[in-house]
Structure formats: structure tokens, C-alpha cells
Amino acid sequence: MPKVEVVPLGASYDCRDDETLLAGALREGRYLRYGCRHGGCGTCRILLVEGDVEQSGSTFALTASDRADGWVLACASVPVEDCVIDVSATDLTAEEFLAGDQVRGYTAEIAEIRRLTPDVRGVRLRLLDPPSMRFTAGQFVNVEVPGTSVLRAYSMANPPSDSGHADLVVRLLPGGAFSALLEDRLAPGDRLRLYGPFGQLKVRLSHRPMIMAAGGSGLAPILSMVGDLADQQNRRQVTVFFGARSAADLYHLDRLRALQDRMPCLEIVPALSERAPAGWAGETGLVTDVIGRRFPQLEGYDAYLCGPPAMIDAATGLLTARGVRLRNIYFDAFVPTG
Ligand SMILES: Cc1cc2nc3c(=O)[nH]c(=O)nc-3n(C[C@H](O)[C@H](O)[C@H](O)COP(=O)(O)OP(=O)(O)OC[C@H]3O[C@@H](n4cnc5c(N)ncnc54)[C@H](O)[C@@H]3O)c2cc1C
């Protein structure tokens with residue numbers, strides 16, 4: 001049974017054979033930060049300082065250079081010998097590690113399902129039991145597909161000040177285990193089980209101006225973060241790029257614009273990659289091209305990215321080429337959790 005030493009916490013636990021670093025910690029009543037548990041979200045990204053692990057499942061959230069630098073995903077790494085892991089990057093305290101898993105289950109009622117675009121629905125969930133959730137803007141919940149134990153990750157679009165709700169933005173996928181139910185099977189009044197909150201995407205304290213870029217349903221965590229910044233009377237400059245194919249695919253611009261009234265340093269840049277209607281006053285092209293045109297130089301900026309993996313990759317390339325430090329780029333890739 002491999003022993004896992006956790007630095008800098010001065011703690012340790014045992015993993016059973018074939019058990020991942022995360023599964024072993026949770027079974028022993030300990031806690032490591034985690035999210036999707038499928039190698040997709042990167043919440044459980046830690047450094048392997050000593051020992052060796054075998055990879056189990058997807059490690060989408062790691063780049064080749066991350067792996068070369070010793071980063072592993074706790075949810076997808078099975079120790080094959082005694083290991084030392086460094087969890088500093090997850091901001092985990094010894095108290096949190098020892099307290100075990102505080103993620104809770106919630107029963108929620110669907111308050112509203114709103115058609116935001118032809119293939120995106122806004123799902124407002126009212127939390128019943130417990131009736132509120134403490135979360136950080138940018139985090140997500142795992143929603144249980146009714147009648148199964150299948151989980152799907154969705155980011156909250158509401159700010160933490162609205163703690164009695166989880167406002168989701170869900171893109172419909174043909175045959176999607178969860179999303180397809182929103183077309184005709186789920187309705188207001190139906191109940192759902194949620195687990196959370198998860199994820200480490202959050203606005204980091206700094207004085208740097210921020211670029212935020214969303215693609216498709218990726219606007220959800222950005223709305224939550226901008227809403228929270230408005231609640232905090234933020235004065236940092238924030239530019240939100242929202243990329244969609246056509247004007248019909250844009251949504252919640254009214255919500256973003258309402259936030260501008262409370263946060264004058266907020267700029268909103270919708271961008272259409274396909275058809276722009278006559279008289280379109282916004283930008284055209286891929287969201288990365290638009291950022292590139294608007295900001296030839298981005299040294300000293302923080303960047304927050306949410307959306308499909310291809311968008312995150314392209315945006316990261318552009319931002320680093322324009323001077324943003326890799327460590328100042330934060331993202332949630334909406335990888336399939338199925
Ligand atoms: C941290 C995190 C946060 C997320 N937040 C959101 C969110 O706020 N809103 C949101 O809509 N989604 C979000 N997702 C993705 C979401 O969890 C589901 O993966 C997605 O909704 C598909 O679930 P489904 O059950 O409807 O479809 P599934 O049954 O999982 O898939 C149905 C079919 O569609 C394919 N498919 C799955 N995803 C995609 C895709 N992105 N593009 C094309 N084909 C695909 C599958 O391969 C399959 O063939 C997030 C994912 C992560 C990891």
C-alpha cells in the first residue's frame with residue numbers, strides 16, 4: 001500500500017493498490033481539492049515531488065510541458081510506490097486536508113428554464129435543502145442526471161451574493177445525457193440533486209487589469225465573476241470578450257450591460273465569427289482575432305478564459321504572445337464530463 005506524504009502540510013495517508021491519489025485521500029477521510037474527477041478541470045493539479053504514478057484516464061487539463069515539470073492530476077494518478085506530493089498550488093491548508101471532504105449534496109427545484117439561444121438554455125435552480133450554498137464566483141456544481149448516478153459539471157452564472165440559487169447556462173447537445181432533457185423532459189417544479197461547489201477558477205487579487213474571454217456557454221462563470229466584482233465595487237479595468245457564431249447565439253448581454261451601470265470600468269465586446277447582421281456595431285471574427293486586434297500588447301494583464309478547449313488553447317497562445325504571463329492566465333475548459 002503506497003504511502004503518500006503531503007507537503008507543505010506535514011501530513012500523509014495511504015493509497016490502496018489501484019486507487020488514485022484523490023480516491024485514497026477521500027477514503028481516509030482527508031481532503032484534496034478536486035472538481036470533475038475526470039481529468040478535465042485541473043482543480044486537482046499538484047506537483048509530484050518524489051515517487052512514481054501511473055496515469056488512469058484522461059489528463060486533458062495537463063499540457064506536455066506540465067507533465068515534464070512534474071505536474072499530475074490527483075484524480076487520474078495511481079501511485080505505484082511511496083510518493084511525496086506538493087499541494088501548494090491548490091491553496092489547501094492543513095485544516096482543510098484534515099477536515100475531509102466538505103463538498104455537500106443539495107436538493108434543488110427548477111425555478112425556470114429559459115431559451116437563451118437556439119441551443120442554449122438558462123436553468124435557474126432554487127436550492128431547497130440545504131437552502132443556500134457558499135461558493136466563490138467562477139465555481140461549478142455537478143448535477144446528477146435524474147434517475148442515474150451520472151454527473152455533469154455546470155458553472156454558476158449568478159454571483160455568490162445570490163446564494164439561494166444556482167443559475168446555469170447549458171448548451172444543448174443532441175442525445176446529451178443531461179442537456180437533452182431540458183428540451184422536453186425537465187420542467188419548472190422538477191427536482192434535481194447537485195453536488196458542490198467545485199473548482200478553483202476565481203478572480204485573483206491583484207491590481208492588474210483583466211481580460212475575460214468566453215465562448216458559447218462559457219459566459220456563465222464570467223457572468224458570476226463580473227457580478228461579484230460589481231458587488232465588491234471593483235475599480236480594476238475589465239474587458240469581457242464574448243464570442244458567438246451569429247447574433248442569435250449571443251445571450252445575457254442585457255445582464256452584462258446592467259453590470260456596467262455599477263462598474264464603469266467594465267467593457268463588453270461581443271464578437272460574431274460567422275454572419276454579422278446588417279448594422280452590426282460589434283466586432284467580427286474569432287474571439288482570439290478580436291482580442292489580438294484590440295490589444296497589440298497585453299503585458300501586465302490577468303486573463304480569465306472559459307469555453308471549449310480549442311478556444312482556451314488558441315486564446316492562451318495569443319495572450320502569451322502578447323505578453324500575458326502564463327501564470328496569470330486562469331481558465332475552465334468545458335471538456336465533456338461524459
Ligand atoms: C469544469 C466544467 C464546467 C462546465 N460548465 C459547463 C457550463 O456551464 N455549461 C455547459 O453547457 N457545459 C459545461 N460543461 C460541460 C458539461 O459538464 C457537459 O459535459 C456537457 O453539458 C455535455 O453533457 P450532456 O450530458 O448533455 O452530454 P453527453 O451525454 O455527455 O454527450 C452527448 C454527446 O455530445 C458530445 N459532446 C459532449 N460535449 C461536447 C462539446 N462540448 N462539444 C461537442 N460535442 C460534445 C459527446 O461526446 C456525446 O457524443 C462543463 C464542464 C466542466 C469540466
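## Strand β18 and its neighbours

Strand β18 is covered on both faces, with Asp 302, Tyr 304 and Cys 306 buried on one side and Ala 303, Leu 305 and Gly 307 buried on the other. This description, like everything that follows, rests on a predicted model. Taken as a whole, β18 is mostly covered, since six of its six residues are buried. The split into two sets of residues follows a general pattern, because in a regular strand the side chains alternate between the two faces of the sheet.

The strand has a parallel partner in β14 (residues 210–215), to which five bridges join it. Within this pairing, Cys 306 of β18 is the bridge partner of Ala 214. Strand β19 (residues 329–333) also runs parallel to β18, and five bridges join these two strands. Here Leu 305 stands opposite Phe 331 in β19.

## A salt bridge that reaches β18

Which residue forms a salt bridge with Asp 302? The partner is Arg 236, whose side chain meets that of Asp 302 with an N to O distance of 3.1 Å. The pair links distant parts of the chain, for Arg 236 belongs to the loop between α5 (219–231) and β15, Asp 302 belongs to strand β18 (residues 302–307), and 66 residues separate them.

Are these two residues buried or exposed? Arg 236 has a relative accessible area of 13% and is therefore buried, and Asp 302, at 0%, is buried as well; the cut-off behind both statements is a relative accessible area under 20%.

## Other salt bridges

The count of salt bridges in the model comes to 17. In general terms, side chains of opposite charge can pair when their charged atoms come close.

One of these contacts is between the side chains of Asp 66 and Arg 45, which meet at 2.9 Å, N to O. This pair, too, links distant parts of the chain, with Asp 66 in helix α2 (residues 64–68) and Arg 45 in strand β3 (residues 45–50), 21 residues apart. Asp 66 is buried, because its relative accessible area is 12%, whereas Arg 45, at 24% relative accessibility, counts as partly exposed.

A further salt bridge is formed by the side chains of Arg 245 and Asp 119, with an N to O distance of 3.6 Å. The two residues are 126 residues apart and link distant parts of the chain, Arg 245 in the loop between β15 (238–244) and α6 (253–262), and Asp 119 in the loop between β8 (104–117) and β9 (120–129). Arg 245 counts as partly exposed, because its relative accessibility is 39%. Salt bridges also form a network, in which Arg 124, Asp 162, Asp 167 and Arg 255 are linked.

## Negative charge on the surface

Where the surface is concerned, Asp 17, Asp 18, Asp 52, Glu 54, Glu 81 and Asp 82 gather in a patch of negative charge. One member of the patch, Glu 54, lies in strand β4 (residues 53–55). With a relative accessibility of 52%, Glu 54 counts as exposed, because the cut-off for that class is over 50%.

## The loop around Ala 89

Ala 89 is placed in the loop between β7 (83–86) and α3 (94–99). At 44% relative accessibility, Ala 89 counts as partly exposed. The C-alpha atom of Ala 89 is separated by 12 Å from that of Val 72, and the two residues are 17 residues apart along the chain.

Definitions and conventions: Residues numbered from 1 in each chain as written. Predicted model: local features only at pLDDT ≥ 70, side-chain atom pairs only at ≥ 80, totals over all residues. Heavy atoms only, no water. Patch = residues over 30% accessible without salt bridge, like charges linked within 9 Å, V, L, I, M, F, W, Y side chains within 5 Å. Areas by Shrake-Rupley, 256 points an atom, 1.4 Å probe, with all protein chains shown as cover. Salt bridge = Lys/Arg side-chain N within 4 Å of Asp/Glu carboxyl O. Lys, Arg positive; Asp, Glu negative; His and termini not counted. Charge placed at Lys NZ, Arg CZ, Asp CG, Glu CD. Helix = DSSP H or I, 4+ residues; strand = E, 2+ residues; numbered from the N terminus. Buried < 20%, exposed > 50% of the residue type's maximum accessible area, 1.4 Å probe, protein only. Pairing = 2+ DSSP bridges.
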